[in-house]
Amino acid sequence: MTGTQEASPGSRGTAPPSPPTENLLLEPSLGWPSMEAATTLEVASGSKLQVEKASPADTEQPEASLKQWVDSPTPQLLPTVEVHPKIWLPRALRQTYIRKVGDTVNLLIPFQGKPKPRATWTHNGCALDTRRVSVRNGEQDSILFIREAQRADSGHYQLCVQLGGLEATATIDILVIERPGPPQSIKLVDVWGSNATLEWTPPQDTGNTTLLGYTVQKADTKSGLWFTVLEQYHRNSCIVSDLIVGNSYAFRVFAENQCGLSETAPVTADLAHIQKAATVYKTKGFAQRDFSEAPRFTQPLADCTTITGYDAQLFCCVRASPRPKIIWLKNKMDIQGNPKYRALSHLGICSLEIRKPGPFDGGIYTCKAVNALGEASVDCRVDVKTPN
């Protein structure tokens, strides 16, 4: 074998030169650059791509799409969603969140999503007022902060967490309240006995919330101290009872909500004067009882024995109306005016005292009672003995 032997393409010692990396081949079916030629790193770095001329068999539409994709300066690739977005709304915020005017609102709302999602807030469907409301978004939570809440901050706050084409939303209702205004007017309608009727009109400003009721107070002009009569009363009129006779009263009414009582209260222009009612006594007719009666002795005279020189007394009781005249007799002889005898009569009890009786003072003594309706008498025997 003479001369140099031609080596077959497969037996050559060096491999054929590879095409330059700047040239990309078209996929025969899609007309897009081959993924082997354009890696993700090259696309992300924005390197220029060169494309060989398409064969006449290629259609014009893939060529136009390829040119549009190549001409874009930084092609965007959607990130892979590892964890879907989701908001973990605290239980306390699932109902209306109530704060007072001037309080701080600091809400921390946790959420999930990977890679980090985009969190946005809206107030009643509009963008937040950054002069009053500030927001801080973290990797796994979002904070809504209001330093001094005002009533205008009330409304629906919506948090939207977006990741790729996915999103999650949560709505929080915030209500900022304050003390209500006072009732517009109060009027003293009527006063009778120890009662007074009041009427008033509701306040114009309820403090951005519903009223819990009204507090009614009274004050008498003597002490000037206010005392609560009714609390959380829901009607616009009431009757105040048990007022003290002789006093004059003024009344006032406060409106009340969750923040407390209104700062001021209207006072009745007129005073309620509780006057003492004139008492008229009506006597029932009845028959006058007649207590007149003729003399009647309820306790007769008792016989007695006495000793000479010792005083003796006789007693009896008589009942009569009108008052009877009492007459004492000895042996049927009137002894009235005799200094030896002393006769007394008091409340129907009659007594006769015989002073130092002698032997001749014994006999029959009689007590006689006489009035206009008749007379009665009782007798007794008195014996006078001489000591041995």
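Select strand β5, residues 105-114, together with β9, and you will see two strands of this predicted model that pair in the antiparallel sense over 6 bridges. To fix the register between them, label Ile-109, which stands opposite Ser-142 in β9.

Keep β9 on screen and add strand β8, residues 133-137, which also pairs with β9 in the antiparallel sense, here over 5 bridges. β8 and β9 form a hairpin, with 3 residues between the two strands, and a convenient pair to label is Ser-134 and, opposite this residue in β9, Phe-145. Is β9 itself enclosed or open to the outside? Buried here means under 20% relative accessible area; 5 of the 6 residues of β9, which spans 141-146, are buried, so the strand is largely enclosed by the rest of the structure.

Next, show the side chains of Ile-87, Leu-107, Ile-109, Trp-121, Leu-144, Ile-172 and Ile-174, which are the residues that touch the most other members of the largest nonpolar core, a set of 23 residues. Two or more residues of this core come from each of β5, β6 (118-123), β9, β10 (155-163) and β11 (166-177), and β11 provides the largest share, with 5 residues. Centre the view on Leu-107: leaving aside residues up to four places away in sequence, Leu-107 touches Leu-93, Tyr-97, Ser-142, Ile-143, Leu-144, Ile-172 and Ile-174. Apart from this core lies another, of 20 residues, and Leu-301, Cys-304, Trp-328 and Ile-354 are among them.

Moving on along the chain, colour the strands of an open sheet of 5 strands, whose order is β21-β28-β27-β23-β24 and whose pairing is mixed. Its edge strands are β21 (304-307) and β24 (333-334), each of which pairs on one side only. Within this order, select β23, residues 325-330, and β27, residues 363-371, which pair in the antiparallel sense over 6 bridges; Lys-330 has Tyr-365 as its bridge partner in β27.

Finish at the largest pocket, which has a volume of about 210 Å³. Which residues should be selected to display its lining? They are Val-318, Arg-319, Ala-320, Arg-323, Pro-324, Ile-326, Ser-345, His-346, Leu-347 and Gly-348. β22 (312-321) and β25 (341-346) each supply at least two residues of this lining, with β22 giving the most, 3 residues. Coloured by residue class, the lining of the largest pocket divides into 5 nonpolar, 3 polar and 2 charged residues.

Notes
Residues are numbered from 1 along each chain as its sequence is written. This is a predicted model: local features need pLDDT of at least 70, side-chain atom pairs count only at pLDDT 80 or more; totals for chains, interfaces and linings use all residues. Side-chain values use heavy atoms; hydrogens and water are left out. Buried means under 20% relative accessible area, exposed over 50%, partly exposed in between (1.4 Å probe, protein chains only). Helices (H or I, at least four residues) and strands (E, at least two) are DSSP runs, numbered from the N terminus. Two strands pair if DSSP finds at least two bridges between them. A nonpolar core is a set of buried Ala, Val, Leu, Ile, Met, Phe, Trp, Tyr and Cys residues joined through side-chain atoms within 4.5 Å. Contact means heavy atoms within 4.5 Å. On a 1 Å grid over the protein atoms alone, a cavity is a set of points where a 1.4 Å probe fits but cannot get out, and a pocket is an open set with protein on both sides within 12 Å along at least five of seven lines; lining residues have an atom within 4 Å of a point. Grid points are joined across faces, edges and corners, and a volume is the space filled by probe spheres set on the points. Ala, Val, Leu, Ile, Met, Phe, Trp, Tyr, Cys and Pro count as nonpolar, Asp, Glu, Lys and Arg as charged, and the others, Gly among them, as polar.
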